[in-house]
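Trainee: I have a new model open and no idea where to start. Can you walk me through it?

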Amino acid sequence: MADPSNRPWPGAICLKVRKLEELPEILRGKTVVLANGCFDILHVGHVRYLEGARKLGDTLVVAINSDRSVRALKGPNRPILNENERSTLVSALRCVDHVVVFDEPDVRHVLDLLRPEIHAKGTDYTEDTVPEREYVRSYGGQVRITGDAKDHSTRDVIRKIADTREKKKAR
């Protein structure tokens, strides 16, 4: 059970959000898959990526960029949803076993602590373009690509919402 202070609203009892430090003990003896990302506006591409990742092992841990980390990566107008909202949405997915939020510019600290057997990334990468691939391979882990073709993005969802708003204003 997650620390009650991590609950986004009173009475949330099924939240899978964990403190990173508590996961190694919980995950002992399991084939761990780590997926990571911003998950700013959850869309079908995210779901297919995470469902594919879950099939690669016994348990799926999803590391979500903190709000500060998202701003550094995506710019000052992001994230759209805050880290508590994003964590809640991702943890609601049946395929996700645990969620952690990380504040670093990349996921290496999470990889270092968890040492997952598999680091899963979406199809916007290849096994050779995953930034952490050499680190994962150095401890004997594998990098795997999951999900459907990269034809979904949060940027596209935001653009579609903005375009729809502009069209309504023009009427």
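Mentor: Start with Phe-39, in the loop between strand 1 and helix 2. Keep in mind that this is a predicted model.

Trainee: Fine. Is Phe-39 buried or exposed?

Mentor: Phe-39 has a relative accessible area of 3%, so it is buried. The cut-off for buried is under 20%.

Trainee: And what is phi of Phe-39 near?

Mentor: Near 50°. That is a positive value, and Phe-39 is a residue other than glycine. Most residues other than glycine have a negative phi.

Trainee: Where else should I look for a positive phi in a residue other than glycine?

Mentor: Try Arg-115, with phi near 45°. Arg-115 sits in the loop between helix 5 (108-114) and strand 4.

Trainee: Buried or exposed, that Arg-115?

Mentor: Partly exposed, because its relative accessible area is 40%.

Trainee: Back to rings. How many aromatic pairs are there?

Mentor: Two, from a search of the whole structure. In one of them, Phe-39 and Tyr-49 have ring centres 6.3 Å apart. Their planes are at 5°, so the pair counts as stacked.

Trainee: Where in the chain are those two?

Mentor: Phe-39 is in the loop between strand 1 (32-37) and helix 2 (44-54), and Tyr-49 is in helix 2. They are ten residues apart, and the pair links distant parts of the chain. Both residues are buried.

Trainee: Which residues make the edge-to-face pair?

Mentor: Tyr-135 and Tyr-139. Centre to centre they are 5.7 Å apart, with 70° between the planes. Tyr-139 has a relative accessible area of 18%, so it counts as buried.

Trainee: Let's go to helix 2. Which of its residues are buried?

Mentor: Gly-45, His-46, Tyr-49, Leu-50, Gly-52 and Ala-53. Look down the axis of helix 2: those buried residues fall within an arc of 160°, so they line one face.

Trainee: Why would residues along a helix share a side?

Mentor: An α-helix has 3.6 residues a turn, so residues three or four places apart point the same way.

Trainee: What about strand 1? How many of its residues are buried?

Mentor: Six of the six, so strand 1 is largely enclosed by the rest of the structure. Val-32, Leu-34 and Asn-36 point one way. Val-33, Ala-35 and Gly-37 point the other way.

Trainee: Which strands does strand 1 pair with?

Mentor: Strand 2 (residues 59-65) is one, in the parallel sense, over six bridges. There, Asn-36 has Ala-63 as its bridge partner. Strand 4 (residues 118-121) is another: it runs parallel to strand 1, with three bridges joining them. Val-33 stands opposite Ile-118 in strand 4.

Trainee: What do strand 1, helix 2 and strand 2 make together?

Mentor: A right-handed β-α-β unit.

Trainee: New topic: cysteines. How many disulfides does the structure hold?

Mentor: Zero. Cys-38 is buried, with a relative accessible area of 12%. Cys-95 is buried too, at 13% relative accessibility.

Trainee: Last one. Which peptide bond is cis?

Mentor: The one from Arg-78 to Pro-79, with omega near 5°. Most peptide bonds are trans. You will find Pro-79 in the loop between helix 3 (67-74) and helix 4 (83-91).

Methods
Residues numbered from 1 in each chain as written. Predicted model: local features only at pLDDT ≥ 70, side-chain atom pairs only at ≥ 80, totals over all residues. Heavy atoms only, no water. Disulfide = S-S within 2.5 Å. Buried < 20%, exposed > 50% of the residue type's maximum accessible area, 1.4 Å probe, protein only. Phe/Tyr/Trp six-rings, centres within 6.5 Å; stacked < 30°, edge-to-face > 60°. Helix = DSSP H or I, 4+ residues; strand = E, 2+ residues; numbered from the N terminus. Arc of directions from axis to C-beta. Pairing = 2+ DSSP bridges. Right-handed = clockwise from strand over helix to strand, strands pointing away.
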